[in-house]
Amino acid sequence: MGIYSCIGENLQEVKESLYQGKSGVVFQQERKDFGYRSGLTGVVKVPNLKKELSRRQRISMDDESLFAYVATKEALENAKLDEDFLEKNDVGILYGNDSTAKAVVESTDIVREKKDTTLVGSGGIFKAMNSTVTMNLSTIFKLKGVNFTISAACASGSHSLGVGYMMIKNGLQDTVICGGAQEINLFATASFDGLGVFSTNEANPTQASRPFDMSRDGLIPSGGAATLILESYESAIKRGAPIIAELVGYGFSSNGGHISTPNVDGPSKAMKKALQQAGVHPDEVDYVNAHATSTPLGDANEAKAIYEVFGENGPAVSSTKSMTGHECWMAGASEVIYSLLMMQNSFVAPNINLENPDEDAAKLNLIKTTVNKKIDVFLSNSFGFGGTNSALVVKKYKG
């Protein structure tokens, strides 16, 4: 696995932030000046890859692809997958991404001003396509397996892992690079801000993301990229791979209702399907990484769904979005990495800023401060606009 997040630019930094309950949320006056109602965001710097990639490679990459390259490079190194392996095997890529706002706006602005499409540049089309991440990474790393983008709103990263899991399970691939990327800029979430769902607690940026708390007033946009290498057990054993964990269940569903308002039935169905497929009883789950974004209705409905699935005395629950904000298309992948880091290091990261849980959240075993705890099985939730739901069940690998 590899990650580039507002709480750390690599696995080590992220692990420390999770354990310390450190927030990556900041206030940007630039957003207010642009017209945002909320100036809050999670931020990562755009990496300078001039020494690593040629100009020809970089010319078709915008922020989300650059973030994904950094995360994928770390993941490949940790998985001990080198150029020779990628050259000789049909390694695939399935990556979650659902916007390329900056690239589209900048290209359109050039044409509108200059009245000449040739001035956009040869890389413009590849930056602007939704499949920009998979296109760029598949060519840079010379991948020869499955290659397409998963666009499923804020469940994109999770579904990429789920689809990769199904492909390997059905013998269609041995190794798939999975993940999610999210651009962070003024254009990416402006219309989202217009819905009035972002927190406006600008006086205390690090305390503004408050999943499950009664005083929550909205989510905070964030982003970066997260990559996980999925591989069949036989392939991993054959090449002596450092196995971290096993993905054992993927549950999905659609709410079939309102385009942006979540319900209870869809998420609970996804969780139940994931557990059933994994052959895991709810009592065996040690930790649930909640989707909870810090919106009033979304968090309440997820709390109801988690309680419906796990009942009283359920597993430890926290939303890492309390620290990262909502990483959107990246979140479904990054939150699996956050949970894996907890599993590797035997702790549950806190749901920070949780002072007064609401009525539904109070029924859950919500973790307010870091707890040292062994995790053998976890479930990670991801839900998105359009009513798309994904739940993943992961088991610790014990050899």
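Let me start with the buried residues of H12, which are Gly266, Pro267, Ser268, Ala270, Met271, Ala274, Leu275 and Ala278, and please keep in mind throughout that this is a predicted model. The helix itself covers residues 265–278, and its 14 residues reach 20 Å from the first C-alpha to the last, which is close to the 20 Å expected at 1.5 Å a residue. Just after H12 comes Gly279, which takes a positive phi of about 70°. As for what lies against this helix, its buried residues pack against S8, H13, S14 and S15, and I would like to take those partners as a route into the rest of the model.

Let me turn to the strands. S15 is mostly covered, with seven of its nine residues buried. On one hand, S15 is joined to S8 by nine bridges, and the two strands run antiparallel; within that pairing, Gly249 stands opposite Val393 in S15. On the other hand, eight bridges join S15 to S14, again in an antiparallel arrangement, and here Ser382 has Ser390 of S15 as its bridge partner. S14 and S15 form a hairpin with three residues between the strands, and in that hairpin Gly386 takes a positive phi near 85°.

With those strands in mind, we can move on to the pockets. Which elements give two or more residues to the lining of the largest pocket? Before I answer, let me say that about 790 Å³ of space lies in this pocket, and that of its 29 lining residues, Leu230, Glu231, Ala245, Glu246 and Leu247 lie nearest its centre. The elements in question are helix H9 (156–169), strand S7 (224–231), helix H11 (233–238), strand S8 (245–254), helix H15 (331–345) and strand S15 (388–396). S8 and S15, then, which I described a moment ago as joined by nine bridges, both appear among the elements of this lining. By class, the lining of the largest pocket divides into 22 nonpolar, two polar and five charged residues.

The second largest pocket has a volume of about 520 Å³. Its lining has 32 residues, of which Ser260, Pro262, Thr293, Thr295 and Phe385 lie nearest its centre. The elements that give two or more residues to this lining are helix H13 (296–310) and strand S14 (377–384), and the largest share, five residues, comes from H13. Both H13 and S14, you will recall, are among the elements against which the buried residues of H12 pack. As to the classes in the lining of the second largest pocket, there are 13 nonpolar, 16 polar and three charged residues, whereas in the largest pocket the counts were 22 nonpolar, two polar and five charged.

Now for the enclosed spaces. The structure holds two cavities of 30 Å³ or more. About 40 Å³ of space lies in the largest, whose lining is made up of Ile306, Gly311, Gly314, Pro315, Val317, Lys363, Leu364 and Asn365; by class, these are four nonpolar, three polar and one charged. The second largest cavity also has a volume given as about 40 Å³, and Arg31, Thr41, Gln182, Glu183, Ile184, Asn185, Ala188, Thr189, Pro221 and Ser222 line it. That lining divides into three nonpolar, five polar and two charged residues.

Finally, I would like to look at two single residues, beginning with Ser156, which has its place in helix H9. Is Ser156 buried or exposed? Because its relative accessibility is 0%, and buried means under 20%, Ser156 counts as buried. Leaving aside neighbours within four places in sequence, Ser156 is in contact with Gly96, Asn97, Asp98, Ile150, Ser151 and Trp329.

The other residue is Val133, found in helix H8, residues 132–140. Val133 also has a relative accessible area of 0%, and is therefore buried. With neighbours within four places again left aside, the contacts of Val133 are Glu64, Ser65, Ala68, Tyr95, Asn97 and Ala181, so that Asn97 appears in the contact lists of both Val133 and Ser156. One further distance belongs here: the C-alpha atoms of Val133 and Ile93, which are 40 residues apart along the chain, are separated by 9.6 Å.

Conventions. Residues numbered from 1 in each chain as written. Predicted model: local features only at pLDDT ≥ 70, side-chain atom pairs only at ≥ 80, totals over all residues. Heavy atoms only, no water. 1 Å grid on protein atoms, 1.4 Å probe; cavity = no way out; pocket = protein on both sides within 12 Å on 5 of 7 lines; lining within 4 Å. Points joined across faces, edges and corners; volume = space filled by probe spheres on them. Nonpolar A, V, L, I, M, F, W, Y, C, P; charged D, E, K, R; others polar. Helix = DSSP H or I, 4+ residues; strand = E, 2+ residues; numbered from the N terminus. Buried < 20%, exposed > 50% of the residue type's maximum accessible area, 1.4 Å probe, protein only. Contact = heavy atoms within 4.5 Å. Expected span 1.5 Å × (residues − 1). Pairing = 2+ DSSP bridges.
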